[in-house]
Amino acid sequence: MRGRFITLEGPEGSGKSTQAAKLCERLGEQGIEVVKTREPGGTATGELIREILQHDRAGEPLFPESEALLFAASRAQLVRSVILPALEGGAWVVCDRFADSTTAYQGYGRGFSVDDMLNINSFAVDGAQPDVTLLLDVDVALGFDRIQKRNTENGVENDRFEREAREFHERVRQGYLALAKRFPDRFRVIDASRDEGSVQCRVWETVCRALGMEAG
Ligand code: TYD
């Protein structure tokens, strides 16, 4: 039987990565084989693209058009080499960001046509549509407080997206909420301003309900 495909989306500092890890643990405890991956990245090619996108590795300013297509290229590689083979083999896939990130960040955030972004995504993903997308929604200011704290603790600088203006991130957040309204069958919005444990419970209940599993 084909596995299930779950994606986590949200603005900066929404806690997606932590929640993705916890969700995978919980699914594993149910005896489900889970493949956890992330975007951009998840393949050798994708990780190289991630360096360009996030850390200016090429050493030159990136045009927004190139940025959009590089995200799509990383995704095309990940879908074909990791996601589709895993799903076809019966494993479940949990992906930390996926195509909706391009629509939210490059479409709503950068101001490209949302329909153009949806078309680029559909070319990249070869029909790999998430069964459920968890939108971890958080206020931009709160998300940034979390990021500053984490980056200071880890002694790292803000990356290229974290350096964008607050207005950019506000458009991204509103864009995500618009997508959740536009695709209500697939999206579930979770309030990610709450503490980690509460969000974890909501994530689990939501996945169980969306995919018809016992919450246990
Ligand atoms: P990441 O370290 O995964 O950030 P986060 O912890 O916030 O998920 O970095 C991914 C960054 O790339 C993030 O700022 C969002 C951005 N992004 C896009 O702009 N478009 C995309 O299609 C994807 C996948 C990510």
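How many aromatic pairs does the count come to? Five aromatic pairs, in this case. Before I go on, remember that what's on the screen is a predicted model.

Let me pick out one of those pairs. The ring centres of phenylalanine 5 and phenylalanine 98 sit 5.0 Å apart, and the planes are at 80°, so we call this one edge-to-face. What I like here is that the pair links distant parts of the chain. Phenylalanine 5 belongs to strand 1, residues 5-9, while phenylalanine 98 is in the loop between strand 3 (92-96) and helix 4, so to speak 93 residues away along the chain.

Okay, helix 4 next, since that loop runs up to it. Helix 4 covers residues 99-109, and its axis comes within 10 Å of the axis of helix 3, residues 64-88. The two axes cross at roughly 175°. Anything over 145 degrees counts as roughly antiparallel, and therefore that's what we call helix 3 and helix 4. Who's touching whom? On the helix 3 side you've got Glu67, Ala68, Phe71 and Arg75, and they meet Ala99, Thr102 and Gln106 of helix 4. By class, that contact between helix 3 and helix 4 splits into three nonpolar, two polar and two charged residues.

Now the pockets. The largest pocket comes out at about 1100 Å³. It's lined by 43 residues, and the ones closest to its centre are Gly13, Lys16, Ser17, Arg150 and Glu162. Quite a few elements give two or more residues to that lining: helix 1 (16-29), strand 2 (34-38), helix 2 (44-55), helix 3, helix 4, helix 6 (140-154) and helix 8 (196-211). Which one has the largest share? Helix 6, with eight residues. And if you're thinking about the chemistry of the lining of this largest pocket, you have 21 charged residues, 14 polar and eight nonpolar.

The second largest pocket holds about 220 Å³ of space. Here 14 residues do the lining, and closest to the centre are Ala99, Leu118, Asn121, Gln129 and Arg186. You'll recognise Ala99 from the contact of helix 4 with helix 3. Helix 4 and helix 5 (114-125) are the elements that put two or more residues into this lining, and helix 5 gives the most, four residues. The class split for the second largest pocket is seven nonpolar, five polar and two charged.

Last topic, the cavities. How many are there of 30 Å³ or more? Two. The largest cavity has about 50 Å³ of space, and its lining is Gln19, Lys22, Leu23, Arg26, Gln200, Val203 and Trp204. Helix 1 and helix 8 each supply at least two of those residues, with helix 1 giving the most, four. Sorted by class, the lining of the largest cavity has three nonpolar, two polar and two charged residues.

The second largest cavity comes to about 30 Å³. Around it you'll find Ile52, Asp56, Ala58, Glu60, Leu62 and Arg160. That lining has three nonpolar and three charged residues, and no polar ones.

To wrap up, if you open the model yourselves, I'd start with helix 6 and its eight residues in the lining of the largest pocket, then go to helix 1 and its four in the lining of the largest cavity. That's me done, thanks.

Terms used:
Residues numbered from 1 in each chain as written. Predicted model: local features only at pLDDT ≥ 70, side-chain atom pairs only at ≥ 80, totals over all residues. Heavy atoms only, no water. Axes fitted to C-alpha atoms, helices over the stretch in contact; angles between N-to-C directions. Parallel < 35°, antiparallel > 145°, perpendicular 65-115°, else oblique. Contact = heavy atoms within 4.5 Å. Nonpolar A, V, L, I, M, F, W, Y, C, P; charged D, E, K, R; others polar. 1 Å grid on protein atoms, 1.4 Å probe; cavity = no way out; pocket = protein on both sides within 12 Å on 5 of 7 lines; lining within 4 Å. Points joined across faces, edges and corners; volume = space filled by probe spheres on them. Phe/Tyr/Trp six-rings, centres within 6.5 Å; stacked < 30°, edge-to-face > 60°.
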